Amino acid sequence: MNFGERRELSVLADSGENMINFYGYINGVLTQCDAPSVGCWVSVVDPTPQEVRELIEDYGLDSGFVKSALDEEESSRIEREDDQTLVIIDTPVSAIDDDKTKNFYTLPMGIIITDEYVFTISIRETQIISEATRGGIRNLRPDFKTGFVLQLLLRISALFLTYLKQIDKISSAAEQELHDAMKNELLMQLLALEKSLVYFSTSLKANEATIEKIFRGRVIKLYDEDQDLLEDVLIEMKQAIEMASIYTGILSSMMDGFSSIISNNQSIVMWRLTIVTIILQIPNIMFAFYGINTNDIPFNHTWVALSLTALLTGVTAFALLKWKKKNK
């Protein structure tokens, strides 16, 4: 049985949706194909155990490479084994939690280069894969394997920059609400952004190390036309690292200021409640005093009691407010 027959049987045997798709550069356009051909891109997203076996047995991929590409905790690196090259690169992802808090994190994507194909393997669909399959990345030619990988890396670097700008906008919007904030929603959002920046900084530095290894040209063969593209990737990655570092410092300062403002607002509320409580105690004391069952209290008249109560209440409120203004 040849490869094509094994592939056909495998597809027929799989009752679910097949997550192994093929794309070739046909007539100047990246086009999805029904079967693999030399120089095509094989996109693998969240493969089933049967599809993982198919990648190893039918396509001859290194089992360790495939498992590494599907490991959510795998860090960015580049490795070569026999005639195959593995590039693990961290890609940025955004998501909104149930409490409507926006989070940013990273997921590894494996790129395996063989003599015939270039594979991308990821545990779930990401924006990078979606854009690539829709033709949203220009000059993405899988038949030029090195250029294909560099175009993906360039788009990943640009997406990091895009998400960093989103983080900056969200934190700036939160800053505008700080003076009125007494709830935890904004604090939770800023905590999520701070956590996201930690993920981004760690992944970007690992990605930079991987790209620098590629730049040395010892693992992946580089052509003259790839040099400028690779330099662009490095520039974008370094810029993203610098932006992540700057935003981390800004966000850390904002968190300190945010906590202080919340504490101060709570203190103001407690002070106002205290003033109201003291003022309300004066009528209670006066009415309790005049409510004693005796006729010996001087000025034992209703209008006198009300007048004294109003006078003492006003004097007390004026004194408390003046003291508060003086001690601001």
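**Pockets in the predicted model**

Helix H5 (145-176) and helix H7 (224-290) each contribute at least two residues to the lining of the largest pocket. The structure described here is a predicted model. Helix H5 provides the largest share of that lining, with five residues. In total, 18 residues line the largest pocket. Those lying nearest its centre are Phe144, Lys145, Thr146, Gly147 and Tyr223. The volume of the largest pocket is about 340 Å³. Its lining is mixed in character: seven residues are nonpolar, five are polar and six are charged.

The second largest pocket has a volume of about 290 Å³. Strand E6 (102-113) and helix H6 (185-215) are the elements that give two or more residues to its lining. Helix H6 makes the largest contribution, again five residues. The lining of the second largest pocket comprises 15 residues. Glu72, Glu73, Thr106, Tyr199 and Ser203 lie nearest the centre of this pocket. Six of the lining residues are nonpolar, five are polar and four are charged.

The two pockets can be set side by side. For the largest pocket, the leading supplier of lining residues is H5. For the second largest pocket, that part falls to H6. Five polar residues occur in the lining of the largest pocket, and five occur in the lining of the second largest pocket. Charged residues number six in the largest pocket and four in the second largest. Nonpolar residues number seven in the largest pocket and six in the second largest.

Note on methods: Residues are numbered from 1 along each chain as its sequence is written. This is a predicted model: local features need pLDDT of at least 70, side-chain atom pairs count only at pLDDT 80 or more; totals for chains, interfaces and linings use all residues. Side-chain values use heavy atoms; hydrogens and water are left out. On a 1 Å grid over the protein atoms alone, a cavity is a set of points where a 1.4 Å probe fits but cannot get out, and a pocket is an open set with protein on both sides within 12 Å along at least five of seven lines; lining residues have an atom within 4 Å of a point. Grid points are joined across faces, edges and corners, and a volume is the space filled by probe spheres set on the points. Helices (H or I, at least four residues) and strands (E, at least two) are DSSP runs, numbered from the N terminus. Ala, Val, Leu, Ile, Met, Phe, Trp, Tyr, Cys and Pro count as nonpolar, Asp, Glu, Lys and Arg as charged, and the others, Gly among them, as polar.
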